[in-house]
Amino acid sequence: MVLLASLSAWAIEQDNDGYYLIGSAADWGEFAAIVNNSNQYANAKMTADIDLGDDQTMIGSNSESGNSPAFRGVFDGQGHTLTIAYTNIGSSSVGAPFAKINGATIKNLHVTGSLSSAGFHPTSIVSDSWGTSRLENVWGDVNIVGTRTGWVEASGLVGCMKSGNLTLIDCMFSGTVNGAGSYNGCFIGYIDSGSATLTNCLSTGTFSYNGSGNGFRGTYTNCYVKQFPGTIPTEMQCTDEQIADGTIATALQAGRDEEIWVQDETTGAPMLKVFLQDDSPTNIVALTETAKLKSGQRYNLMGQPVGQDEGKRKGTTRAAAFVPPTPDEVTEYARSVGYLLDGASFVDFYESKGWMVGKSRMRDWKAAVRTWRSRESGAGNSVVSSRASKYAGI
């Protein structure tokens, strides 16, 4: 690992492949300064969740006119979350974490928070896109308010496709967009020139637009939208029931061997697997085969047909609500699987986290005990309080 301070004025570090490592709001600011002032082709990886607080820094020029500076590199969120609270977007400006991109790739990034704009192209990920750019495994969950009237081009993920070719694959929007202006969209606000293709994308967000000229921009394949203030193409329509019973997650997975989309039992909705903890298998459930979906009959995640009364299905039971264990129960269960564990420390640890596993609520404490045992690699006694950092993501 190379420390840039030894080579330049920047304190942000780079890995052996030259990617800048972004693990704090200060790192975000330094990377934005590098892109905006000296190297538009710089690449970056997030190494932690980041809350920008009231920091208004964006990557790329936020001026509505012109196409430079623009981010032209690769940005890998690595499943981390960027929290924004953009409030100072003026009437001649655009607004998003990536104000302008040109031939860039953004992937594995979750953006949440809020954005209030009096300007153009308010959205959650990219305001203006040029060149051959790509968003993959990107999740926008931002509450967006646009106060400008007239031609605005607000959206969930990308504001305006200026020129070139834009690809969105396995992307998701679950926030809100409330706009006073016109010519807005769902995933993409507007296409000035060029083309956009969207594949395996989902919007469960809500949109409210006062102006006219709103619609779906680009070419869509296997994409689904819950709500939009306009006509949703028939093949893209989805219901709350389909979202909750695994039908949409199954369709988005599209029979691929690599697990991209899963049904998160905690939220009862599809989720990109990259944003769930790898060591939390109880929060990921297997999807039904795509072939079943194509048969015209929808199935739940247990492979049972939906559309009947769940309570009347033979052999069907609902998952019980999670009940935190007592220290004695933890100690006794750990002993039964050959693991010496202080149950009180285990309970105290998870109570301090609200019984959360990563970003999801725990569903099976016994599975967590087994995971701890595995991580101890056969060690004898486990004193949780002295090893809390080792289990921080469990």
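How many of the 394 residues in the protein chain are buried? Buried residues come to 48% of the chain, and this is a predicted model, so keep the confidence values in the last legend handy.

**View 1. The whole chain, with its helices and strands.** The fold here is mostly a matter of counting: seven helices and 26 strands. Take the contacts between residues at least 6 apart in sequence, and 70% of them join residues at least 24 apart. As for the outside, the chain exposes about 16600 Å², and carbon and sulfur atoms supply 48% of that area.

**View 2. Aspartate 128 and its surroundings in strand β9.** Strand β9 covers residues 126-130, and aspartate 128 sits in it. Aspartate 128 counts as buried because its relative accessibility is 0%. What does the side chain of aspartate 128 make a polar contact with? The partner is the side chain of histidine 121, at 2.5 Å. Leaving aside neighbours within four places in sequence, aspartate 128 is also in contact with a mixed crowd that includes Glu64, Lys100 and Lys162, along with Val94, Ala99, Ile101 and Cys160.

**View 3. Leucine 135 in the largest nonpolar core.** In soluble globular proteins, nonpolar side chains tend to be buried together. The largest nonpolar core of this model has 62 residues. Leu135 is one of the residues touching the most other members, a group it shares with Phe31, Phe75, Phe98, Ile106, Leu168 and Phe187. Once neighbours within four places in sequence are set aside, the contacts of leucine 135 include Ile101, Ile106, Ile125, Val126 and Val158. Others on the list are Leu166, Thr167, Leu168, Ile169 and Cys171.

**View 4. Cysteines without a disulfide.** How many disulfides does a search of the whole structure find? Zero. Why is there no bond between cysteine 171 and cysteine 201? Cysteine 201 holds the closest cysteine sulfur to that of cysteine 171, but the two are 4.7 Å apart, which is too far for a bond. Cysteine 171 counts as buried because its relative accessibility is 0%. Cysteine 160, a contact of aspartate 128, is buried as well, with a relative accessible area of 0%.

**View 5. Helix α6 and what packs over it.** Helix α6 spans residues 343-352, and its buried residues are Gly343, Ser345, Phe346, Val347, Phe349 and Tyr350. Their cover includes two helices, α5 (327-336) and α7 (365-376), plus the strands β23 (340-341) and β24 (356-357). At the N-terminal end of α6, aspartate 342 acts as the cap, with a side-chain oxygen 3.2 Å from the backbone nitrogen of alanine 344. Just after the helix, glycine 354 takes a positive phi of about 70 degrees.

**View 6. Threonine 219 and the stretch it touches.** Threonine 219 belongs to strand β18, residues 219-221. Not counting residues up to four places away in sequence, threonine 219 touches Ala196, Thr197 and Leu198. A handy distance for this view is the one between the C-alpha atoms of threonine 219 and threonine 199: 8.5 Å, for residues 20 apart along the chain.

**View 7. Where to be careful with the prediction.** The mean pLDDT of the chain is 84, and 81% of the residues reach 70 or more. Residues 1-7 stay under 50, and the model has 15 contacts for them beyond four places in sequence. Over residues 378-393 the pLDDT is also below 50, and this stretch has 31 contacts in the model beyond near neighbours in sequence.

Key. Residues are numbered from 1 along each chain as its sequence is written. This is a predicted model: local features need pLDDT of at least 70, side-chain atom pairs count only at pLDDT 80 or more; totals for chains, interfaces and linings use all residues. Side-chain values use heavy atoms; hydrogens and water are left out. Helices (H or I, at least four residues) and strands (E, at least two) are DSSP runs, numbered from the N terminus. Buried means under 20% relative accessible area, exposed over 50%, partly exposed in between (1.4 Å probe, protein chains only). Contact means heavy atoms within 4.5 Å. Accessible areas come from the Shrake-Rupley method with a 1.4 Å probe; for residues, only the protein chains shown count as cover. A polar contact is a pair of N or O atoms within 3.5 Å; within protein, one must be able to donate a hydrogen and the other to accept it, and residues adjacent in sequence count only if both atoms are side-chain atoms. A nonpolar core is a set of buried Ala, Val, Leu, Ile, Met, Phe, Trp, Tyr and Cys residues joined through side-chain atoms within 4.5 Å. A disulfide is a pair of cysteine sulfur atoms within 2.5 Å. pLDDT is the predictor's confidence in each residue, from 0 to 100.
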